[in-house]
Amino acid sequence: MSDAILTASVPAVRRDIGLKRRYAAERRFRLYGLAAITIGLVFLALLLTSVVRKGYTAFVQTEISLPVTFSEALVDPTNKRAEDPQILAKGKYDKVIREALAAQLGFDAKDLKSGKAADQLISPSARVELRDMVLADPSLVGKTIDVSLLAEGNIDSANKGQIDLSVPEARRKVKDQQLTWMQQLKDAGKLKFAFNTGLFVNGASSRPEAAGLGVAAIGSAVMMLIVLALSLPIGVAASIYLEEFAPKNKFTDLIEVNINNLAAVPSIVYGLLGLSVFVNFLGMPRSAAVVGGLVLTLMTLPTIIIATRASLKAVPPSIRSAALGLGASKMQMIFHHVLPLAMPGVLTGAIIGLAHALGETAPLLLIGMVAFVANYPVTPMDPSTALPVQIYMWANEAERAFVERTSGAIMVLLVFLILMNLGAVLLRRRFERRW
Amino acid sequence: MNMIAETKLEPKQVQTMQNSFKMLGRNVTVHYGAKQALFDVNLAIRQNTVTALIGPSGCGKSTFLRCLNRMNDTIDNCRVGGEITLEGQDIYDPSIDVVELRARVGMVFQKPNPFPKSIYENVAYGPRIHGLARSKVDFDQIVETSLIKAGLWNEVKDRLHEAGTGLSGGQQQRLCIARAVAVSPEVILMDEPCSALDPIATAKVEELIHELRSNYTIVIVTHSMQQAARVSQRTAMFHLGQLVEENDTDKIFTNPDESRTQDYIMGRFG
């Protein structure tokens, strides 16, 4: 033995303990990980660029500003507006627009062919806009004012370069004459882009240029509030009971299995459940945000319960012993020590569940939230739609202008989701800072 | 002196013993499911005395300790038989409230387990839930005296509102002792309180146990024979779920009645 120590300078034969192999395995694993992340990032980037590339144009809108004359002959031919202001609602505002265009573009307003072609420059919603202006201020009659009018959807698309001009005129949505006028208006500085506020405030419309996410956003917001207000307390209470108080037996095992199953049930099944229970049995209105909220609550509950139970389970037993050893009751132990420590996990689960619910479409289709709702819902019982459903409906539309709106709506939904997840991160930070 | 462990007790004797001892366990058995962990343990805990429970791992000493404030209740399949009294009152009697019992019989655990709150809140928590103080002044008073009793005051008085989990291991354990002391228990159970501490922190905790003895009855489970010899007046030796013998610490460590005790103390097994 001592000889071996003395001759230590001669390198002894080392045992092969497979170091090379082990390091190679680690390097390989790291490469797999990197590859997995790269693939994920590439797909995410592809998705985002595709959505943004198609959708960013939806946030601007072509407007044509014209000096519009509210001539009495067109708006109030019988001159009765003094007695009955409502008579102004019957004015020929399409003619008002046509005359304004004729004056601007220099064609004869009596020429029907040119007139019709010119009408198609301006969105039909512009008539309503002018009517509302006059109704609000009858003194406008007889005056000429500069008004920004929404361009028609196809004109908007053409202005954004989304219409293929190499297609023969007969098969094109925008005619050569209209293109010439567009150029003319553009040169005069009358046709320009403006921020598309309508996208955020308008309700549903069959005209793409007048369609907006307003009703859908309100519907989604109301549903999220309902989901949060119901599923968080119910879910947390259920988890605390199951985790801390319920006896561990076959029955509670069965409940646990069922909750885990419910989390995996296809969401459309929840839609059917909501349809039969809330709409048919309880007689709640169709297409209402309250029903949507209830259905999404049912769908979110399992997620919240599973997340809450997992985070309750993760609270170290030493904290429980410490509280009980001091003479805290079980309730005090849970609410003073266990739940606060589990809170970050609970909140993460709740927000993930909520974000999931925000993007859910299928169950809402079944309870009738896929509807043409142009007016804002006043109460949660009024018909409304939701953001993802609006995306689904727009994706089904044929007009070119709806394509960019679909992507634009997806971007709005993504922003909502990012804000919610950001909120989750901030809340988690806040609760974790209390050691 | 071995009569408790081995002699059959007459009812009258029991009565006198219950009066003279702080706590008394008679024929205590514990089952974890089908496995029996304690076999008919008879052990008396004397007032204002440090009683050490020693024995090899898995001998049931911690199990017995946890019976004394019913911490075993929290284990699902644990059944406790026999009788344990606190000042003559059966603590497993249905009329006894376990919350009240634990306020009278406090516990310090093997691993320091301060709440993830401030030092102040750690100590004030017990008095708060038991309603022992009303005003801020009262709380401040309780926190200060408890920390002084636990020998921690001078080290933490300037940072009472910092995290209790930020203290060193030894300080955390003394904080846990302060927390237990703050509810003014009659008995303090300590489950290997020094096993996670270094020798210096251990010495401080042992010193503390010495001082606490005048006001509290202390039962301590320890793996260290030296510690049992240093801190306790009475020692009970457990083996395989049975109480081997219980006697004055000096006697146990110099001239035990049982050969198994002798062997264990000499380090021949365990």
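**Two chains, a few residues at a time**

User: In this predicted model, where is B:Ser184 found, in terms of the elements around it?

Analyst: Let's place it by what comes before and after. B:Ser184 follows helix α8 of chain B. On the other side is β7, residues 187-191, so to pin it down by the definition of the elements, B:Ser184 is found in the loop between α8 and β7 of chain B.

User: And is B:Ser184 buried or exposed?

Analyst: The cut-off for exposed is over 50% relative accessible area. B:Ser184 comes in at 53%. That puts B:Ser184 in the class called exposed.

User: What is phi of B:Ser184 near?

Analyst: Phi is positive here, and the residue is something other than glycine. This is also the residue that comes after α8(B). Its phi is near 50 degrees.

User: Which residue in strand β1 of chain B has a positive phi too, near 50 degrees?

Analyst: Strand β1 of chain B covers residues 23-32. The residue in question is not a glycine, and its phi is near 50 degrees. With a relative accessible area of 36%, it is partly exposed. The residue is B:Asn27.

User: Back to helix α8 of chain B: how far apart are its end C-alpha atoms?

Analyst: The helix runs over residues 169-182, which makes 14 residues. At 1.5 Å a residue it should span 20 Å, and the model agrees with that. The end C-alpha atoms are separated by 20 Å.

User: How many residues of α8(B) are buried?

Analyst: Buried means under 20% relative accessible area. Nearly the whole helix falls in that class, so α8(B) is largely enclosed by the rest of the structure. Out of its 14 residues, the buried count is 13.

User: Zooming out, what is the radius of gyration of chain B?

Analyst: Chain B is built from 12 helices and 10 strands. For its 270 residues the globule rule gives 18 Å, and the model's value is close to that, so chain B is as compact as a globular protein of that length. Its C-alpha atoms fill a box of roughly 55 × 45 × 35 Å along the principal axes. The radius of gyration is 19 Å.

User: What is the radius of gyration of chain A?

Analyst: Chain A has 18 helices and 3 strands. Its C-alpha atoms take up a box of roughly 115 × 65 × 35 Å along the principal axes. A compact globule of 435 residues would be near 22 Å, but the value for chain A is 32 Å.

User: What share of the residues of chain A is buried?

Analyst: The accessible surface of chain A is about 23,300 Å², with 65% of that belonging to carbon and sulfur atoms. Taking residues under 20% relative accessible area as buried, the share among the 435 residues of chain A is 42%.

User: What share of the accessible surface of chain B belongs to carbon and sulfur atoms?

Analyst: Buried residues make up 55% of chain B. The accessible surface of the chain comes to about 11,500 Å². Carbon and sulfur atoms account for 48%.

User: How far apart do the centres of the positive and negative side chains lie in chain A?

Analyst: Chain A carries 45 positive side chains and 34 negative ones. For chain B the counts are 29 positive and 32 negative, with the two centres 2 Å apart. In chain A the centres lie apart by 11 Å.

User: Which helix of chain A holds A:Ser239?

Analyst: At 0% relative accessibility, A:Ser239 counts as buried. Leaving aside neighbours within four places in sequence, its contacts include A:Ile304, A:Ile305 and A:Thr308. The helix, residues 214-245, is α10.

User: Is A:Met182 buried or exposed?

Analyst: A:Met182 is in helix α8 of chain A, residues 176-187. Beyond four places in sequence, the residues touching A:Met182 include A:Leu121, A:Ile155 and A:Leu191. Its relative accessible area is 5%, and that makes A:Met182 buried.

User: How far is A:Val378 from A:Ile218, C-alpha to C-alpha?

Analyst: A:Val378 is found in the loop between α16 and α17 of chain A. Its relative accessible area is 74%, so A:Val378 is exposed. The two residues are 160 residues apart along the chain, and their C-alpha atoms are separated by 9.7 Å.

Terms used. Residues numbered from 1 in each chain as written. Chains lettered and ligands numbered in written order. Predicted model: local features only at pLDDT ≥ 70, side-chain atom pairs only at ≥ 80, totals over all residues. Heavy atoms only, no water. Helix = DSSP H or I, 4+ residues; strand = E, 2+ residues; numbered from the N terminus. Rg over C-alpha atoms; globule rule 2.2 N^0.38 Å. Buried < 20%, exposed > 50% of the residue type's maximum accessible area, 1.4 Å probe, protein only. Areas by Shrake-Rupley, 256 points an atom, 1.4 Å probe, with all protein chains shown as cover. Lys, Arg positive; Asp, Glu negative; His and termini not counted. Charge placed at Lys NZ, Arg CZ, Asp CG, Glu CD. Expected span 1.5 Å × (residues − 1). Contact = heavy atoms within 4.5 Å.
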